[in-house]
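Here are my notes on the model, point by point. Please read them with the structure open.

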Amino acid sequence: MIENQNYVDYHMVLRNMLSESNEYNRQWKEKKRVHEGAHDTFEEYKTGLRQVFETVRYGKDKEKLHKIMQENREAYSRIDSETKEMLEVLANVKIPDAFKIEEEGEERYNMCKAFEDMRQEGIEIGLAVGMEKGIQALVQTCKELGASRETIMEKFELTREKAKAYVEEYYPG
């Protein structure tokens, strides 16, 4: 552009650069718009990458991930060791060797069972924590109402030793 001018006008260069920049920006926005919803599913992947992408994408939405795993149970119940390793790194998921299965001489992992067990473990931990807080509240309430330690221990459906431990912990005396 500068070569065709009688004198150097730097405004022209800036105008051309701005025009090109705007065109790149327009193209980028168009591509972004086209690709935003393009990967709601990863059905085009026929390898373990599908499980990796789905787990990474829906890792925060446990219900959606559970639904996808149920729909693709065959694939998720027999992932190969490379897919397992990628999941452990990218999705920060630990799949213990207890879920390893031998299939035609290859190591595979039952990711469905691993997630179900982890989910169940989380439920059990939540129940235990809830039970602990409930017992603590009950003991403290009984104490405030003037119940004796013996009366409180009789109300628990626990072994005598566990009931005594709870009362001693929450009803110091």
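1. Is Glu144 buried or exposed? Glu144 counts as exposed, at 68% relative accessibility. Glu144 sits in helix 6. Its C-alpha is 9.9 Å from that of Tyr171. The two residues are 27 apart along the chain. Keep in mind throughout that this is a predicted model.

2. Overall make-up. The chain has 8 helices and 3 strands. Read from the N terminus, the order of elements is α-α-α-α-β-α-β-β-α-α-α. The chain holds 173 residues, and 23% of them are buried. Take the contacts between residues at least 6 apart in sequence: 45% of these join residues at least 24 apart.

3. Helix 6. This helix covers residues 111–144, which is 34 residues. From first C-alpha to last, helix 6 reaches 49 Å. The expected value at 1.5 Å a residue is 50 Å, so the span is close to expectation. Which residues of helix 6 are buried? They are Met111, Cys112, Ala114, Phe115, Ile135, Val139 and Cys142.

4. The ends of helix 6. Asn110 caps the N-terminal end. A side-chain oxygen of Asn110 lies 3.2 Å from the backbone nitrogen of Cys112. Past the other end, just after helix 6, comes Gly146. Gly146 has a positive phi of about 90°.

5. Helix 2 against helix 3. Two packed helices are described by the angle and the distance between their axes. Helix 2 spans residues 49–58, and helix 3 spans residues 62–71. Their axes come within 9 Å and cross at roughly 160°. Helix 2 is therefore roughly antiparallel to helix 3, because angles over 145 degrees count that way.

6. Residues in that contact. Helix 2 contributes Glu54, Thr55 and Tyr58. Helix 3 contributes Lys62, Lys64, Leu65 and Ile68. By type, the contact residues divide into 3 nonpolar, 1 polar and 3 charged.

7. Glu54 deserves its own look. Glu54 lies in helix 2. Is Glu54 buried or exposed? Glu54 is buried, because its relative accessible area is 4% and the cut-off for buried is under 20%. Its side chain makes a polar contact of 2.5 Å with the side chain of Tyr76. Leaving out residues up to four places away in sequence, Glu54 touches Phe42, Gly59, Leu65, Ile68, Asn72 and Tyr76. Leu65 and Ile68 also appear among the helix 3 residues met by helix 2.

8. Gly48 and Thr83. Gly48 is in the loop between helix 1 (10–36) and helix 2. Gly48 is buried, with a relative accessible area of 16%. Which residues does Thr83 touch, not counting residues up to four places away in sequence? Thr83 touches Gly48, Gln51 and Val52. Thr83 belongs to helix 5, residues 81–90. Thr83 counts as buried, at 3% relative accessibility. Ser81 gives another distance to check in the viewer: the C-alpha atoms of Gly48 and Ser81 are separated by 9.6 Å. Along the chain, Gly48 and Ser81 are 33 residues apart.

9. Backbone at Glu104. Most residues other than glycine have a negative phi. Glu104 has a positive phi, near 55°. Where is Glu104 placed? Glu104 is in the loop between strand 2 (100–103) and strand 3 (106–109). Glu104 counts as exposed, at 79% relative accessibility.

10. To check in the viewer. Start with the Glu54 and Tyr76 side chains, joined by a polar contact of 2.5 Å. Go on to Asn110, the cap at the N-terminal end of helix 6. End with Glu104 and its positive phi.

Methods. Residues numbered from 1 in each chain as written. Predicted model: local features only at pLDDT ≥ 70, side-chain atom pairs only at ≥ 80, totals over all residues. Heavy atoms only, no water. Axes fitted to C-alpha atoms, helices over the stretch in contact; angles between N-to-C directions. Helix = DSSP H or I, 4+ residues; strand = E, 2+ residues; numbered from the N terminus. Parallel < 35°, antiparallel > 145°, perpendicular 65-115°, else oblique. Contact = heavy atoms within 4.5 Å. Nonpolar A, V, L, I, M, F, W, Y, C, P; charged D, E, K, R; others polar. Buried < 20%, exposed > 50% of the residue type's maximum accessible area, 1.4 Å probe, protein only. Polar contact = N/O pair within 3.5 Å; in protein donor to acceptor, adjacent residues only side chain to side chain.
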